[in-house]
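Q: Got a minute to look at this one with me? I'd like to go through the ligand site and then the fold.

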Amino acid sequence: MASRWPECVQIREVGPRDGLQNEPGFVPTAVKLDWIGRLADAGLSYIEVTSFVSPKWIPPLADAEEVAAGLRRREGVTYAALVPNMRGLERALRSGIDEAAVFMSASETHNRRNINKSIGETLPVLREVTAAAKAAGKTVRGYLSTVFGCPYEGAVDTQQVVRLTEALLEMGVREVSLGDTIGIGHPRQVEAVLEELLGRVPPDRLALHFHDTNGLALANTVVALQMGIRTFDASCGGLGGCPYAPGAAGNVATGDLIRMLHAMGVRTGVDEAGLSEASAYILQALARTGGDPGAAAGDCLTGGDRDVCS
Ligand SMILES: CC(=O)SCCNC(=O)CCNC(=O)[C@H](O)C(C)(C)COP(=O)(O)OP(=O)(O)OC[C@H]1O[C@@H](n2cnc3c(N)ncnc32)[C@H](O)[C@@H]1OP(=O)(O)O
């Protein structure tokens with residue numbers, strides 16, 4: 001029987017964006033850049049480095065231009081950033097970002113709280129941003145938040161998730177990252193949502209973005225792997241959370257994810273020791289700026305060989 005497990009999985013490191021957007025203190029730009037450099041050195045080939053959103057809405061990422069300009073670029077690494085609208089795209093293009101990530105929610109109330117628009121008003125904006133980014137030679141990734149539940153509305157209709165995933169793909173995004181924004185999804189739900197989606201969308205156009213509020217991110221990952229998903233978002237140090245999603249805990253820790261995958265014989269290209277050092281580095285920096293590093297100490301383990309995901 002053919003194995004259900006892949007040889008290799010792609011990791012999208014979202015720590016410098018998702019991990020820091022909700023932090024109470026401002027992490028100095030130089031520290032962000034040093035951390036991003038360490039993440040690239042550890043073998044992460046995709047790093048979402050910042051957000052070209054309104055600095056009034058997300059003050060911890062108000063230095064997006066400085067971060068993009070200061071990147072110590074490593075060959076083979078894609079440096080991506082969140083972009084909400086044309087204003088954000090213009091800033092991102094001027095800053096030389098490789099990939100724009102557009103975003104919206106599957107639930108009306110979270111979409112409105114997060115980007116101040118209804119879902120219906122958001123789609124044409126994202127369509128325009130995606131077309132303009134592609135015309136400028138950039139690739140585009142799409143995020144769909146609150147796929148497994150909304151902090152304001154509770155359950156989210158799976159058919160709405162399917163419709164919006166298809167809408168994002170039709171406008172030209174490369175892949176859609178399905179967000180469990182508040183970390184309430186469970187393995188059986190992941191199976192049910194993916195069953196619906198995979199009847200309409202090929203697995204290589206989907207990524208999963210799990211938060212670990214209930215400690216189920218890795219269990220959810222296993223189900224998604226078994227169903228053919230090969231791309232996962234994760235955050236170094238398990239940092240993360242959306243300021244407009246009360247109760248959201250951090251993303252699945254990159255260290256936990258890669259250790260599980262490596263133990264299963266699945267390659268990621270990420271070096272466990274290097275990742276652990278990057279995690280310790282940012283957790284110490286956050287302790288200095290008033291964050292809560294204790295909540296995310298899971299990455300601070302050592303061991304493992306460097307592995308290359310071809
Ligand atoms: C996928 C996820 O995890 S979500 C991540 C967490 N959430 C986010 O990052 C969402 C952040 N949200 C936002 O930044 C805002 O809701 C926006 C920019 C999308 C929309 O906000 P609105 O207030 O409706 O924007 P509007 O177009 O009316 O502009 C208001 C002000 O923001 C400024 N602005 C709008 N877009 C941007 C931008 N991309 N970059 C910088 N400034 C901007 C405008 O210039 C205007 O400035 P002014 O008050 O000085 O005149």
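**Ligand site and fold**

Q: What's up with Gly88 and the ligand?
A: A polar backbone atom of Gly88 is 3.2 Å from a nitrogen atom of the ligand, a polar contact (a pair of N or O atoms within 3.5 Å). This is a predicted model, where local features need pLDDT of at least 70, side-chain atom pairs count only at pLDDT 80 or more, and totals for chains, interfaces and linings use all residues. Residues are numbered from 1 along each chain as its sequence is written, and side-chain values use heavy atoms, with hydrogens and water left out.

Q: How much of the ligand does the protein bury?
A: The protein buries 72% of the 1,000 Å² that the ligand exposes taken alone (Shrake-Rupley method, 1.4 Å probe).

Q: What does Arg17 do there?
A: Arg17 has a polar side-chain atom 3.1 Å from an oxygen atom of the ligand.

Q: And which part of Phe52 is involved, backbone or side chain?
A: Backbone: an N or O atom of Phe52 lies 2.9 Å from a ligand nitrogen atom.

Q: Which residues come nearest?
A: Asn85, Arg87, Arg91, Asn114 and Asn116, out of 20 around the ligand (a heavy atom within 4 Å).

Q: What's the mix in that shell?
A: Nine nonpolar, seven polar and four charged residues, with Gly counted as polar.

Q: Which helix gives the most?
A: α4, with three residues; helices here are DSSP runs of H or I, at least four residues, and strands are E runs of at least two.

Q: Switching to the fold, how many helices and strands?
A: Eleven helices and eight strands.

Technical notes
A polar contact is a pair of N or O atoms within 3.5 Å; within protein, one must be able to donate a hydrogen and the other to accept it, and residues adjacent in sequence count only if both atoms are side-chain atoms.
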